[in-house]
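I opened this notebook page to record what I looked up in one chain, going from its fold to its core.

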Amino acid sequence: MDRVVDLDEVAAVLARRTPGWASAGLEVGRPTWRDAEAAWPQPLETDRARVHDPDSVGVVLSGPAQAELSVVLFRGGWADVDFLVDLDDAGCLPASDITSASDFAARMDQWVSRVFGSLAGGG
């Protein structure tokens with residue numbers, strides 16, 4: 001898989017946004033990493049030091065009324081983005097051609113806004 005996005009830079013983006021999300025009332029899960037070198041099925045790790053060749057980093061945000069956003073970014077420049085606002089508003093969001101950590105940051109802000117609305121003091 002091509003290395004389009006630096007996943008450590010993406011993890012730094014998530015770390016910078018976590019305090020704002022938390023102050024807005026969101027619960028932010030620990031980032032999970034997948035190692036391309038690990039045997040199948042590749043386990044998810046929360047300790048970056050245990051991952052030698054990261055091919056994805058993910059995070060889950062939970063909010064009021066059981067709303068949830070799950071994002072897994074792959075180093076090739078695409079993400080799996082799943083969300084649940086309520087029983088009538090759930091699904092996947094498009095997430096391809098991500099070119100950098102800053103591109104990911106802008107999209108993450110859009111996804112958070114889509115699922116949780118405008119967050120006072122968040123993001």
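How many helices and strands does the chain have? I am working from a predicted model, in which local features need pLDDT of at least 70, side-chain atom pairs count only at pLDDT 80 or more, and totals for chains, interfaces and linings use all residues. Residues are numbered from 1 along each chain as its sequence is written, and side-chain values use heavy atoms, with hydrogens and water left out.

I found two helices and seven strands, taken as DSSP runs (H or I of at least four residues for helices, E of at least two for strands) and numbered from the N terminus. Along the sequence I read the pattern α-β-β-β-β-β-β-β-α.

I then looked up burial, and buried residues (under 20% relative accessible area, 1.4 Å probe, protein chains only) make up 41% of the 123 residues.

Next I turned to the largest nonpolar core, a set of buried Ala, Val, Leu, Ile, Met, Phe, Trp, Tyr and Cys residues joined through side-chain atoms within 4.5 Å. This core has 32 residues, and those with the most contacts inside it are L69, F104, M108, W111, V112 and F116. The elements giving two or more residues to it are α1 (7-23), β4 (54-62), β5 (68-74), β6 (78-86) and α2 (101-116), and α2 gives the most, with eight residues.

Which residues does M108 contact, leaving aside its neighbours within four places in sequence? With contact meaning heavy atoms within 4.5 Å, I noted L14, W21, V59, L61, L69 and V71 as the partners of M108.

Definitions and conventions
Buried < 20%, exposed > 50% of the residue type's maximum accessible area, 1.4 Å probe, protein only.
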